[in-house]
Amino acid sequence: MVKKLAVLDVNKCIGCMECMFACTRRVGRAGFDKSAIRVRSAGGIERGFVVVVCRACEYPPCAKVCPTDALRVRKGGGVILNKDKCIGCGFCAQACIMGAIFWDDELDKPIVCKYCGDCADYCVHNAIGLVDV
Amino acid sequence: MLMKVEELNRVLYVDLTKKDIKVKDRTDLFDAYLGGSGVAIKLLEEECPTGIDPLSAANPIIFAVGPLTALYPTASKTVAMFKSPLTGNLGESHCGGRSSMAIRLAGYGAIVITGSSDILLYLTIDGDKVKFRDASSIGGMDAQTVGRILREAETGSGVRTIIRTGRAGGKLVRYACAVSETYRHFGRLGLGAVMGSKNLKALVISADKSVEIPKGKRKEYRKVYDEIQDVVVESDAMKKYHDLGTAGKLYEMNKLGGMAYKNLESASAPEEIARELSGENFANKFLSRRISCSHCPVGCVHLASLRELYAPGYYFKTTTIPYDNEPIYAVGFMLGMEHAEDCLRMIDAVDTVGMDIMSTGVVLAWATEAYGKGLITKAHTDGLDLQWGDVSTYLEAVEKIVEMPTEFYQNLAMGVEHASSVYGGQDYALAFGGNEMPEYHTGIACYINNLTGARHSHLDSAGYTLDQKLIGKEFSIEEVVKSLIAEEEWRQILSSLVVCFFARGVYTSERVVKAMAAIGLENWSPEKLEVVGREIHRAKMNFKFREGFDLAKLRIPKRIFEVPTPHGLLKEEDLRKAIEIYGEIISAQ
Ligand code: SF4
Ligand code: SF4
Ligand code: SF4
């Protein structure tokens, strides 16, 4: 079954950033510079948090604007990035109104969610989770 | 940008006088003392000349994080060290929020700030780019507003921390604090005043690097990481601190008779007050959100939402106010508040001006008693009629401590030790080693902790916990002292790593060694940790002694011998004996 990451209940989010750390940990790093998920306050912590992550669109705008077909539409929604084809133009990041394409300054290429669910494994409060598409 | 684990050794030196920076390799310190408190005390020894005025340019501010920061869950604290303007010796204060993660991922193990600026500044630290920015327009502002403005004004990349002072810092209130992420504090011992004296309003630190796990270690690292995460999540601490938060134990402490109420007129409040000020009541009526420090799944920070009518014509305001065990004690129980709302309004007022809430509560409690006894009059208080539970008067008093309209308030702004030395009432001036007391009146251990702890903080050696364990048991004073010293020594390791004390059960010495090894820091053992913990503790004590701290001269307020603890009445001779034993042990080893 094809999965995607979903924000299940943003009101349960405590802003711990464990999800962000988990995503970058996949590549053997401690930090956020490879994270495809970001948690930030919704304009002051008192208003709670916003979890920004790819929603796995059925007709992904990011893929539509990619001039090199580096972003391929995944079956069931979302995209798969072929880094070899990517020229780092940044059009995808502009096209994603969710702001869910982050930038890898080292490679000068986008960071896109892989729908692996690692982040959700560390979300103790079940604010996010992997769901079937 | 990728860093190596060892790059914790990078120390950023900022000279505010010359507006100049340097980065130095201090592998020597991090190898020997881990980070946090261990490295900070060594940097303080180097940077702080003996006998200086804590509010002069010569006083350094040191922020330090540790080898586990950003790498493991609940390694979420930053240690600040300086010479305290409140006690005149060791100033050390810990804070979470995003501070530690930001300092480490900005590429530093520690930041040393020296000198004093001619104009009011704030600093931005964005990796290797450090900028001195004019803070003139935010000078007299409260900590919340400063945070809001800098968040918008500074566009630095990555995730950030904003450490700032409120008005009290600029006015040099000796117990002014520094605030990070609006709801977390470097609360105790006056960091805010030291920042004020340096003309430093705030620091904005951006995290945009990451630490590389050594290639051959990645599997092991993930395994140890998961083990720690599981233990944190399944620990009692998780439930206790997430559900009701630290406020959850107030009611029980009061029931036990170990809670200082109305300046320790008694050690428990009446039942209806205890219920009103309980964690359960705060949660039921006001809890609006729980939040966490970075990289901590617990989420102990409890925010209350208070809706108030503030002007006729349906002008309401809703304020978000952080509450915890200690603030509710200090401005709730200590000031005889009868309503949780009033307690919240006080917490908000004290937070807004940026003072340590524990010191503020104890200072005002002393002033209330001294006023009731006729020692001070309305001429001193600038017309205020200080009465237990009278929140509007207390709110005005908080303003006056900051604005200091009379000499009396200038003295209050220097702490209760000082104020009582001017006006009398020392028998009930509840400071130990110059620092205002925490809530506990649980037995002899909590007072040995207050008197001998390097920070005079209940978190130094948790005497209150030991007292509770000893109820109904036989024990000698020597055993108690030894056990407190051992606890304080071990806590030096936790605060050098730097992990949150709430997760102390998770980070056993074996697990610490494992966690270090899994990131390539191999040469540690439980025995070595024990030795280093002791060494750090003694270094802190030696700094105190160097600055004039004298165990034999500790003032003990009579009040604590007049009110029964759960162990009965305490005796001054026992406490003096304990201090003596403490002195002998630490000078022998
Ligand atoms: S990156 Fe944005 S546009 Fe592309 S699939 Fe995800 S949410 Fe949709
Ligand atoms: S699902 Fe995987 S790739 Fe996507 S944000 Fe979570 S950890 Fe990162
Ligand atoms: S791990 Fe869960 S609770 Fe923590 S920040 Fe991410 S979504 Fe929020």
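This passage describes two ligand sites in chain A and two positions in chain B of a predicted model.

Ligand 2 is surrounded by residues of chain A. Four cysteines belong to this shell: A:C23, A:C113, A:C116 and A:C119. A:K114, A:Y115, A:G117 and A:D118 also surround the ligand. The list is completed by A:R26, A:A36, A:I37 and A:V53. By class, the shell around ligand 2 holds eight nonpolar residues, one polar residue and three charged residues.

The shell around ligand 3 is likewise made of chain A residues. Its cysteines are A:C13, A:C16, A:C19 and A:C123. Around ligand 3 also lie A:I14, A:G15, A:M17, A:V39, A:A127 and A:I128. Nine residues of this shell are nonpolar and one is polar. No charged residue is present in the shell around ligand 3.

In chain B, B:S37 lies in helix α2, which spans residues 36-47. The relative accessible area of B:S37 is 0%, so this serine is buried. Its contacts, leaving aside residues up to four places away in sequence, include B:V79, B:M81, B:E92 and B:H94. B:S37 also touches B:Q492, B:S495, B:S496, B:I536 and B:K540.

B:F316 is found in strand β17, residues 315-323 of chain B. Its relative accessibility is 37%. Partly exposed means between 20% and 50%, so B:F316 falls in that class. On the surface, B:F316 joins B:L309 and B:Y314 in a nonpolar patch. Together, the three residues have about 390 Å² of accessible area.

Definitions and conventions:
Residues are numbered from 1 along each chain as its sequence is written. Chains are lettered from A and ligands numbered from 1 in the order in which they are written. This is a predicted model: local features need pLDDT of at least 70, side-chain atom pairs count only at pLDDT 80 or more; totals for chains, interfaces and linings use all residues. Side-chain values use heavy atoms; hydrogens and water are left out. Patches are made of residues with over 30% relative accessible area and no salt bridge: like charges are joined within 9 Å, nonpolar side chains (Val, Leu, Ile, Met, Phe, Trp, Tyr) within 5 Å. Accessible areas come from the Shrake-Rupley method with a 1.4 Å probe; for residues, only the protein chains shown count as cover. A salt bridge is a side-chain nitrogen of Lys or Arg within 4 Å of a carboxyl oxygen of Asp or Glu. Helices (H or I, at least four residues) and strands (E, at least two) are DSSP runs, numbered from the N terminus. Buried means under 20% relative accessible area, exposed over 50%, partly exposed in between (1.4 Å probe, protein chains only). A residue is near a molecule or strand if one of its heavy atoms lies within 4 Å of it. Ala, Val, Leu, Ile, Met, Phe, Trp, Tyr, Cys and Pro count as nonpolar, Asp, Glu, Lys and Arg as charged, and the others, Gly among them, as polar. Contact means heavy atoms within 4.5 Å.
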